[in-house]
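Colleague: I should like to go through a protein model with you, one question at a time. Please explain each term when it is needed.

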Amino acid sequence: MLKYGAASLLLLLALSSCRKEPVYDVVPEIEFRRVEQYHFVDTPFPQRPDITSLRDSIVLVIGFKDGDGNLGLSSNRESQDFQPPFNEGSEFEQNFHTVMYIKAEDPNNPGNFRFEPYPFPVPGFQFSGRFQRLSADERPETLEGEIKYSINEINASEFPLLRPGTVIKFDIFIYDRTTPVPNRSNTVTTDEITLFQPTGG
């Protein structure tokens, strides 16, 4: 029995030694995985428990593959990740980009609905931001895995078009750290997200 166990181990070692690392494009490729959604009912005035504020926290989860592993930006403002082209005000300052859409009735087709870009009060605003570096050094390496990007607060009081039962979705793309022009990934679209619905509701 021991002899067969040793043979099996050697076979496994031989197979693992022949395994090759996957080869991916240096332009990152992403796929939509899921949305994790959490619903909260806040009472901003303790003396008035009858006054409540609805809030959702959303985590957008995407899968990624990248051939050289240069994904993510440091939060250290003294680092190279805040130098051009990643400086403040640059289109590459943020590496996780979202475009939010709201489901609305189609005025040209009564009874039908379509998704329209959400009209944020500040032109150009989106829930875009930065995700942290995924590797500890600059050594090129193949990477694949998941990125979880949190939108901590979608508040009904701050966004008047968002009411209980409103349906939204996001387009998502990311940038890598290639300079002088970062590589842009493909764009993926999330599932539909219904806002401000209590758990189990």
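The questions below concern charged pairs, aromatic rings, nonpolar cores and backbone geometry.

Modeller: This is a predicted model, in which local features need pLDDT of at least 70 and side-chain atom pairs count only at pLDDT 80 or more, while totals for chains, interfaces and linings use all residues. Residues are numbered from 1 along each chain as its sequence is written, and side-chain values use heavy atoms, with hydrogens and water left out.

Colleague: How many salt bridges are there?

Modeller: A salt bridge is a side-chain nitrogen of Lys or Arg within 4 Å of a carboxyl oxygen of Asp or Glu. Under this rule, the number of salt bridges is 13.

Colleague: Which residue forms a salt bridge with Arg 33, and how many residues apart are the two?

Modeller: The closest N and O atoms of Arg 33 and Glu 146 are 2.9 Å apart, which makes the pair a salt bridge. Strands are DSSP runs of E with at least two residues, numbered from the N terminus. Arg 33 belongs to strand S1 (residues 29-42) and its partner to strand S5 (residues 143-155). The partner is therefore Glu 146, and the pair links distant parts of the chain, 113 residues apart.

Colleague: Why does Arg 33 count as partly exposed?

Modeller: Buried means under 20% relative accessible area, exposed over 50%, and partly exposed in between (1.4 Å probe, protein chains only). Arg 33 falls in the middle class because its relative accessibility is 37%.

Colleague: With which residue of strand S1 does Glu 146 also form a salt bridge, Arg 34 or another?

Modeller: Glu 146 has a salt bridge with Arg 34, with the closest N and O atoms 3.0 Å apart. This pair, too, links distant parts of the chain, from strand S5 to strand S1, 112 residues apart. Glu 146 is partly exposed at 35% relative accessibility. The residue in question, partly exposed at 31%, is Arg 34.

Colleague: What is the closest distance between N and O atoms in the salt bridge of Glu 138 with Arg 133?

Modeller: Glu 138 is partly exposed at 48% relative accessible area, and Arg 133 is partly exposed at 24%. In their salt bridge the closest N and O atoms are apart by 2.8 Å.

Colleague: What is the geometry of the aromatic pair of Phe 96 and Phe 131?

Modeller: Rings of Phe, Tyr and Trp (its six-membered ring) pair if their centres lie within 6.5 Å; planes under 30 degrees apart count as stacked, over 60 as edge-to-face and the rest as tilted. The structure holds 11 aromatic pairs. For Phe 96 and Phe 131 the centres are 6.4 Å apart and the planes meet at 85°, so the pair is edge-to-face.

Colleague: Which parts does this pair tie together?

Modeller: Both Phe 96 and Phe 131 are buried. Phe 96 lies in strand S3 (residues 96-105), whereas Phe 131 lies in the loop between strand S4 (113-117) and S5. The pair therefore ties together parts whose separation in sequence is 35 residues.

Colleague: Over which ring does the charged end of Arg 55 sit?

Modeller: A charge sits over a ring if NZ of Lys or CZ of Arg is within 6 Å of the ring centre and within 35 degrees of the ring normal. The charged end of Arg 55 is 4.4 Å from the centre of the ring, which belongs to Phe 40.

Colleague: Which strand supplies the largest share of the largest nonpolar core?

Modeller: A nonpolar core is a set of buried Ala, Val, Leu, Ile, Met, Phe, Trp, Tyr and Cys residues joined through side-chain atoms within 4.5 Å. The largest one has 28 residues, and those with the most contacts inside it include Phe 96 and Ile 154. Strand S2 (53-66), S3, S5 and strand S6 (167-174) each supply at least two of its residues. The largest share, 5 residues, comes from S5.

Colleague: Where is the cis peptide bond with omega of about 10°?

Modeller: One of its residues, Pro 85, is placed in the loop between S2 and S3. The cis bond joins Pro 84 and Pro 85.

Colleague: Is Phe 196 buried or exposed?

Modeller: Phe 196 lies in the segment after strand S8 (193-194). Phe 196 has a positive phi of about 55° although it is not a glycine. Because its relative accessible area is 2%, Phe 196 is buried.

Conventions
Helix = DSSP H or I, 4+ residues; strand = E, 2+ residues; numbered from the N terminus.
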